[in-house]
Amino acid sequence: MAGGIVYGAGFIDNFRVVHIRADKKSDFFFGSKYVQSYIGTIYREVKKDLNSGRRVLFSGAPCQVIGLKKCLNREYENLITVDFICHGVPSPDIWDRYAACLMKKYGSNIKISFRDKNLSWNEFSFTVRDGEDKILYSKTLNEDPYLKAFLKNITLCEACSNCNFRGSNRKSDITLADFWRVEEYFTKFNDNAGTSVIILNSIQGKKLLEIIKPQLVYQEFHDYHILLTGNPTYMEPQMLWLKRNKFFKEIQNSDKDVIYLLTRYTKGSLWERGKRKVKQGIRKIIKSFILLNGKEI
Ligand SMILES: Cc1cc2nc3c(=O)[nH]c(=O)nc-3n(C[C@H](O)[C@H](O)[C@H](O)COP(=O)(O)OP(=O)(O)OC[C@H]3O[C@@H](n4cnc5c(N)ncnc54)[C@H](O)[C@@H]3O)c2cc1C
């Protein structure tokens, strides 16, 4: 931390996701939490630290970085901001309900990961582990109802569909993202353990990267089309799912369990489910064919 302060998002009681301040190294911030984090009075705390001359790294969604900059109302040389390419953020209300169901089933002494890369990075999993790290629940992004609803844009906050803080409109120094479809451009990085993209938006960002470069395995590229192939949300916001409002009305007005509703809404039509089954079948055949030929997958 080099005497600086870090602000980022992490879990507090009952797995609520909030922004907090840290002046010591901690794993509190590690891992993406696919929900809108609660900002509270954090911008004021950042301002106080900056005015007292402390070096600050603020990490958050693009809109949260813009919110901070608006609140500060002037540039600070001692501030570095980091955001990510953002699909959109799910409603905290839906997350609270889902987390409550998980705690009811597995107890409150659990660890939750929205993006466990143990099985695979491409098809990451939502996992729940106990205090000893034993897996109690693990479902991939195509199976877990919370992740499915997030990726189908059912649970996103309404404002996300009109998000303007994309492309060059973002105000952060550094943008982090997953390098989806890396296999099409840089095969040597395609290890399914996870490849990130670091986008440098300012001189400050470039300076910071120079400091950490010796610890990275990296390759530079300057063609934005490479990034956009796998990550169109860098430029364009997601469209909300057509039945999103129906889902929110139903969840607020019925006493039905959130898991039941998420599962029902993410099931897809008969046609979609058929298509998915065929795709899975083809993928399995290709995998076994490659294995039979003794090549790496
Ligand atoms: C809601 C959301 C949507 C995303 N959508 C995309 C996408 O469409 N495409 C893509 O390539 N990448 C997306 N990402 C980014 C991706 O999940 C990774 O965060 C990124 O690749 C960096 O990974 P990492 O493992 O290095 O860092 P991570 O461990 O994931 O953490 C990076 C930082 O993000 C902050 N953070 C985590 N969760 C939140 C949150 N809910 N709100 C604010 N800050 C948070 C933490 O403070 C941490 O410092 C999204 C992230 C989030 C939280």
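In this predicted model, helix α3, made up of residues 92-106, lies across strands β5, β6 and β7. The direction of helix α3 makes about 130° with that of β5. The three strands beneath this description form an open sheet in the order β5-β6-β7, and their pairing is antiparallel. Strands β5 (110-116) and β7 (135-140) stand at the edges of this sheet; each has a single partner strand, so one side of each is left without a neighbour in the sheet. From one strand to the next, the twist averages 10°.

Within this sheet, strand β6, residues 125-130, pairs with β7 in the antiparallel sense over 5 bridges. Residue by residue, the register can be followed from Ser125, which stands opposite Thr140 in β7. As a general point, the strands of a sheet pair through backbone hydrogen bonds, either parallel or antiparallel.

A second sheet deserves separate treatment. It is an open sheet of 6 strands with the order β2-β1-β3-β4-β8-β9, and its pairing is mixed. Its edge strands are β2 (17-22) and β9 (196-200), each of which pairs on one side only. The twist in this sheet averages 25° from one strand to the next.

The mixed character of the pairing can be traced strand by strand. Strand β1 (residues 5-11) and strand β3 (residues 56-59) are paired in the parallel sense over 3 bridges, and in this pair Val6 stands opposite Leu57 of β3. Helix α1, residues 42-51, packs on the sheet and touches β1, β2, β3 and β4 (79-84). The direction of helix α1 makes about 160° with that of β3. Helix α2, residues 62-72, lies across β2, β3 and β4 and runs at about 150° to β4.

Further along the sheet order, β4 and β8 pair in the parallel sense over 3 bridges, with Asp83 opposite Thr175 in β8. Strand β8 and strand β9, by contrast, pair in the antiparallel sense over 5 bridges; here the bridge partner of Ala177 is Val197 in β9. How enclosed is strand β8 by the rest of the structure? Of the 5 residues of β8 (residues 174-178), 4 are buried, so this strand is largely enclosed by the rest of the structure.

The edge strand β2 contains a residue whose surroundings can be described in detail, namely His19. His19 is buried, because its relative accessible area of 6% falls under the 20% limit for that class. The side chain of His19 makes a polar contact with the side chain of Ser37, at 2.8 Å. Beyond its neighbours within four places in sequence, His19 is in contact with a set of residues that includes Tyr7, Gly8 and Ala9, as well as Ser37, Tyr38, Ile39 and Ile42. Phe58, Ser59, Gly60 and Gln64 are also among the contacts of His19.

The cysteines form another topic. How many disulfides does a search of the whole structure find? The search finds 0 disulfides. Cys71 is in no disulfide, and the nearest cysteine sulfur, that of Cys63, is 14 Å away. Cys157 is likewise in no disulfide. The nearest cysteine sulfur to Cys157 is that of Cys160, at 5.1 Å, which means that this pair fails the requirement that the two sulfur atoms be within 2.5 Å. In terms of accessibility, Cys71 counts as partly exposed at 33% relative accessibility, whereas Cys157 is buried, with a relative accessible area of 15%.

At the level of the whole chain, the protein is divided into domain 1 (5-89 + 162-234), domain 2 (92-155 + 242-266) and domain 3 (271-297). The centres of domain 1 and domain 3, taken over C-alpha atoms, are separated by 35 Å.

Lys243 is found in the loop between α6 (224-230) and α7 (244-253). At 45% relative accessibility, Lys243 counts as partly exposed. The C-alpha atoms of Lys243 and Gly230 are separated by 26 Å, and the two residues lie 13 residues apart along the chain.

Methods:
Residues are numbered from 1 along each chain as its sequence is written. This is a predicted model: local features need pLDDT of at least 70, side-chain atom pairs count only at pLDDT 80 or more; totals for chains, interfaces and linings use all residues. Side-chain values use heavy atoms; hydrogens and water are left out. Two strands pair if DSSP finds at least two bridges between them. Helices (H or I, at least four residues) and strands (E, at least two) are DSSP runs, numbered from the N terminus. Axes are lines fitted to C-alpha atoms, for helices over the stretch in contact, and angles run from 0 to 180 degrees between N-to-C directions. Contact means heavy atoms within 4.5 Å. Domain bounds come from an automatic or database domain assignment. Buried means under 20% relative accessible area, exposed over 50%, partly exposed in between (1.4 Å probe, protein chains only). A polar contact is a pair of N or O atoms within 3.5 Å; within protein, one must be able to donate a hydrogen and the other to accept it, and residues adjacent in sequence count only if both atoms are side-chain atoms.
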